[in-house]
Amino acid sequence: MILTVTLNVAVDKAYVIEGPLQAGEVMRVKTCSNTAGGKGLNVSKVIGLCGEEVLATGFTGGFNGAYVEKLLTEKGIPNEFVHVKGETRSCINILDGDGKSTEFLEPGAPVTAEEEAAFLRKFETLLPKCSVVTMSGSAPKGLPADIYGKLIAMGKKAGVKMILDTSGQYLIEGVKAKPFLIKPNHDEIAQLLGRPAETMEEMLESAKELHRSGIPYVVISLGADGAAVVCGEGVYTARPPKIQAVNTVGCGDSMVGAMAAALERGYGVEEMLRYAVAVSSANAMNLETGYFRQEDMEENLKQVIVEKIG
Ligand SMILES: Nc1ncnc2c1ncn2[C@@H]1O[C@H](COP(=O)(O)OP(=O)(O)OP(=O)(O)O)[C@@H](O)[C@H]1O
Ligand SMILES: [Mg+2]
């Protein structure tokens, strides 16, 4: 089984309005859709679509928390969250008539030390049931910056493959615990380097450095250019076919979900990379985040070009 960790769950609300968004005016919403949000929940949905068994965990609270759980259950995603006092946040994305998108991201209610301890206990009990764990996104206030480091240490002790996909301090602290696989994008590599990575060579150099430090698989995602991986087997790149991108938000999450499924199936690195690029590029081909059509994925799978470059 694959366990997905989403510490900062949200109800994602997409508001479609007719004209341009105008501050200080009454804006009538044409259509509104609510989905279970937070990067780890995108990952969970993709693992489900890949056909692997998944369980979602993290923190939920209040009516919004119960709503997220209901939305997940309706999608056939089993979940076991730790219930906290604070209300799960809402994140609003306003899609206006000018084709612009404006996001309002609530910070999320703080988690207490007791709630953190309850989560660590739950995590410990879930570990023996799984072979891969994904950890995605930011964390609510109240949790330490090295929260993922704690989870990685516990998972490694239990012999579980730990995948970390986060940014900022959570990433900088998390990599110190040497997870099994990380998937930084261009910006996140820069955060790890402490300065922008100007060229592909520079990105690969920093990936090699991270690999040498003890992270078995360092996957760099490069948007429409695909991905590169540095691992014990060598250095590989994978390029997706030219596709009609409709919405690339959550492509990285889809890639993480597909890599978790690939590890669960025992794929080798080339097969894993090909599959992850096929799934994530298929995700870009429709509006919904954390979703892809099987036929798009299968078509992309035939066209992804994987090369061993080192
Ligand atoms: N325009 C695109 N065309 C084809 N494939 C894409 C495109 N954008 C993204 N992808 C696929 O998705 C993968 C991950 O994308 P990206 O590097 O943008 O991740 P990310 O920045 O972590 O995204 P997010 O955090 O929003 O999920 C890429 O490696 C690629 O396979
Ligand atoms: Mg990402």
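Colleague: Which residue in β3 is the bridge partner of V11?

Modeller: This is a predicted model, where local features need pLDDT of at least 70, side-chain atom pairs count only at pLDDT 80 or more, and totals for chains, interfaces and linings use all residues. Residues are numbered from 1 along each chain as its sequence is written, and side-chain values use heavy atoms, without hydrogens and water. Strands β2 (residues 10–17) and β3 (residues 29–37) pair in the antiparallel sense over 8 bridges; pairing requires at least two bridges found by DSSP, and strands are DSSP runs of E, at least two residues, numbered from the N terminus, as are helices (H or I, at least four). In β3, V11 is bridged to A36.

Colleague: In β6, which residue is the bridge partner of V16?

Modeller: β2 also pairs with β6 (residues 89–95), in the parallel sense, over 7 bridges. The partner of V16 there is L95.

Colleague: Which element gives the largest share of the largest nonpolar core?

Modeller: Such a core is a set of buried (under 20% relative accessible area, 1.4 Å probe, protein chains only) Ala, Val, Leu, Ile, Met, Phe, Trp, Tyr and Cys residues joined through side-chain atoms within 4.5 Å. The largest one has 48 residues. Elements giving two or more residues to this core include α1 (39–50), β11 (217–221) and α9 (269–283). The largest share, 9 residues, comes from α9.

Colleague: Why does this core lie between domain 1 and domain 2?

Modeller: The bounds, 1–177 for domain 1 and 181–214 + 216–310 for domain 2, come from an automatic or database domain assignment. The core lies between them because residues are given to it by both domain 1 and domain 2.

Technical notes
Chains are lettered from A and ligands numbered from 1 in the order in which they are written. Buried means under 20% relative accessible area, exposed over 50%, partly exposed in between (1.4 Å probe, protein chains only).
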